[in-house]
Amino acid sequence: MNRRDVIKGAAALSGIGLFGGPAPALIAADRSRPVLPYGVMSGDLLSDRAMIWAGADRPAQMIVEWSRDPDFHGARRRSGPMASARTGLTAKLDLDGLPEGETIHYRVAFRSADDPRAVSDWQGGRLRLPGRAARTLRFTFAGDEAGQGFGIDRDRGGYRLYEAMRRMQPDVFVHQGDQIYADAPLKESVALPGGGVWHNIVTPAKRRVAASLDDFRGAFAYNLLDENKRRFLAEVPMLVQWDDHEVRNNWYPGKPLTSGPPMADLARWSRQALADYNPVRIAATAPGIERAFSMGPLLDIFVLDGRSRKGPNGPAASRDRGRGLLGDVQLRWLKAALLRSRATWKLIASDLPISLTVPDLNKDVAPGGMEGIANGSAGQPGGREAEIADLLSFIKHKRIDNVVWISADVHYASAIHYHPERAAFRDFQPFWEIVAGPINAGTGNLSMNALDATFGPDIVHTTVPGPIADNSPAAGLQFFGMGEIDPEDLSLTLSIHDMEGKSLWTRTIQAS
């Protein structure tokens with residue numbers, strides 16, 4: 001993502017401010033003061049710290065101020081790193097020493113590397129830190145963004161799901177993958193099935209399949225041109241995981257490609273771009289991006305990495321542990337983290353659903369190959385299911401209560417209840433999984449993903465049971481999930497919402 005791309009892309013939305021007002025106009029590249037074209041965001045929050053992120057339109061040093069006061073009285077200032085070509089003109093600061101459990105206001109500016117007197121305007125955000133005191137806690141989650149050729153259409157309101165989530169004022173948002181479609185270029189116009197045209201904003205990086213580090217950075221930067229997303233991320237901290245389209249459809253390490261750079265290079269560039277363009281506390285060279293976050297006494301969140309160690313999408317019936325999803329190292333980490341958790345509720349975020357089959361139909365995969373966890377057979381666990389069975393048995397025998405799963409990937413929403421009395425494999429405790437999405441992408445439907453009965457799933461609710469006439473975001477079938485924990489009775493209320501924020505399904509679960 002070079003400086004020319006930054007200015008061209010941001011100029012498309014130069015009249016839209018972070019909180020709805022006019023933004024400073026972006027002019028020629030020789031403007032003396034830096035500009036923040038993508039707003040600010042926070043993420044990977046802990047009890048006394050959070051990652052603060054912003055991008056600049058030129059090499060410049062990050063400056064961060066924070067205060068308990070929205071008017072920034074008594075603000076404390078920290079100098080951050082340089083936004084440079086090495087980071088794709090982005091910078092992030094691990095802002096520590098924050099007051100546990102409180103709402104803080106932060107703002108970011110950049111000082112030009114060429115002229116220290118040239119400082120940008122401030123752009124601000126806020127976040128609420130986890131704390132020891134129990135209080136109502138709310139989280140939202142979804143995945144699958146800007147896919148199937150549908151990017152930012154200003155005339156249709158952009159990525160409207162983000163605005164619907166913002167109105168819920170969650171404490172944290174879990175982005176469950178397919179944050180970009182690196183393998184899907186955008187066109188200026190897309191004919192809609194029911195008539196009409198979808199008009200995309202298109203930047204140079206989104207005119208082609210990503211095949212370089214700059215291309216991947218440009219794909220992440222593109223989605224930050226959406227006003228709804230910028231406004232949402234300025235108010236709600238984000239936890240990020242990745243799925244397949246951050247690299248290539250149905251990718252796994254070592255997957256062969258018929259053309260272009262090898263998969264190892266694509267995955268390395270994607271990981272670097274993800275680290276550069278998100279408020280994450282991970283190194284681009286880390287072996288995986290799994291992390292755990294304590295949201296206080298009510299909730300711990302375990303963000304899994306279902307890609308870095310994933311086995312091939314070959315015949316799914318094999319019990320070969322090499323065909324797993326998480327890998328032995330991550331599975332041991334997750335078990336230990338769950339065992340240490342003292343929070344009432346434990347939220348496991350997986351990019352792939354447990355029982356909705358996701359076949360890999362690519363020509364280079366053997367017939368019967370599976371992209372997802374489920375192998376399509378109702379019998380004992382096979383393929384990647386063996387890993388999940390191992391984990392579920394561990395949770396039961398170690399008496400780890402109140403575990404809930406969330407996932408995305410299939411481009412519709414479902415509430416699924418699992419119970420051993422319905423299952424072929426029965427060594428586990430009953431639990432819920434909520435599937436949510438897409439954010440701004442083509443809508444899928446339940447008939448595309450046969451239900452695998454191995455773990456006794458029951459689809460209690462689904463938003464799109466069968467094929468639809470218009471699967472574009474214009475049809476309004478975009479969905480997010482939400483959870484809210486009551487600090488008094490410790491109950492968790494799970495719900496599914498549409499792109500207007502309307503609740504389509506809700507269920508309150510009592511803590512054990």
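**Phe431 and its surroundings**

I started at Phe431, which counts as buried at 5% relative accessibility. This is a predicted model, so I read every value below as computed from it. I then went looking for aromatic pairs and got a count of 15.

Before following Phe431 further, I picked the pair Tyr162 and Phe232. Their ring centres sit 5.4 Å apart with the planes at 45°, so I put the pair down as tilted. Where do the two residues lie? Tyr162 is in helix H2 (residues 160-168) and Phe232 in helix H4 (residues 227-235), so the pair ties together parts that are 70 residues apart in sequence. I checked the cover on each: Tyr162 is buried at 0% relative accessibility, and Phe232 is buried with a relative accessible area of 0%.

Then back to Phe431, whose ring pairs with that of Trp405. The centres are 6.3 Å apart and the planes make 40°, which I noted as tilted. Trp405 belongs to strand E16 (residues 403-407) and Phe431 to strand E18 (residues 431-435); with their positions 26 residues apart, I have this pair as another link between distant parts of the chain. Trp405 is buried too, at a relative accessible area of 1%.

I asked myself which residues form one aromatic cluster with Trp405 and Phe431. They are Tyr418, Phe425, Phe428 and Phe455.

**Helix H2**

Tyr162 made me look at the rest of its helix. Seven of the nine residues of H2 are buried, so I wrote it down as largely enclosed by the rest of the structure. My list of the buried ones reads Leu161, Tyr162, Glu163, Ala164, Met165, Arg166 and Met168. I noticed that Glu163 and Arg166 are on that list.

What do these buried residues pack against? I found H4, along with four strands: E8 (137-142), E9 (172-175), E20 (479-485) and E21 (492-498). Just past the end of H2, I saw that Gln169 takes a positive phi of about 50°.

**Asn445**

Next I went to the loop between E18 and strand E19 (457-462), where Asn445 lies. Buried or exposed? Asn445 has a relative accessible area of 7%, so I count it as buried, the cut-off being under 20%.

I looked up what touches Asn445, skipping neighbours within four places in sequence, and found Tyr412, Val464, Pro465, Gly466 and Pro467. For Gly466 I also took the C-alpha to C-alpha distance to Asn445, which is 5.3 Å across 21 residues of sequence.

**The whole chain**

I finished with the overall numbers. The protein chain has seven helices and 22 strands. Its C-alpha atoms fill a box of roughly 70 × 55 × 40 Å along the principal axes. For 512 residues, a compact globule would have a radius of gyration near 24 Å, and I got 22 Å for the protein chain, which agrees.

How much of the chain is buried? I got 62% of the 512 residues. Of the contacts with a separation of 6 or more, 72% are between residues 24 or more positions apart.

The accessible surface comes to about 18500 Å², and I noted that 51% of that belongs to carbon and sulfur atoms. Last, I looked at charge: there are 60 positive and 60 negative charges, and their mean positions are 3 Å apart.

Terms used: Residues numbered from 1 in each chain as written. Predicted model: local features only at pLDDT ≥ 70, side-chain atom pairs only at ≥ 80, totals over all residues. Heavy atoms only, no water. Helix = DSSP H or I, 4+ residues; strand = E, 2+ residues; numbered from the N terminus. Rg over C-alpha atoms; globule rule 2.2 N^0.38 Å. Buried < 20%, exposed > 50% of the residue type's maximum accessible area, 1.4 Å probe, protein only. Contact = heavy atoms within 4.5 Å. Areas by Shrake-Rupley, 256 points an atom, 1.4 Å probe, with all protein chains shown as cover. Lys, Arg positive; Asp, Glu negative; His and termini not counted. Charge placed at Lys NZ, Arg CZ, Asp CG, Glu CD. Phe/Tyr/Trp six-rings, centres within 6.5 Å; stacked < 30°, edge-to-face > 60°.
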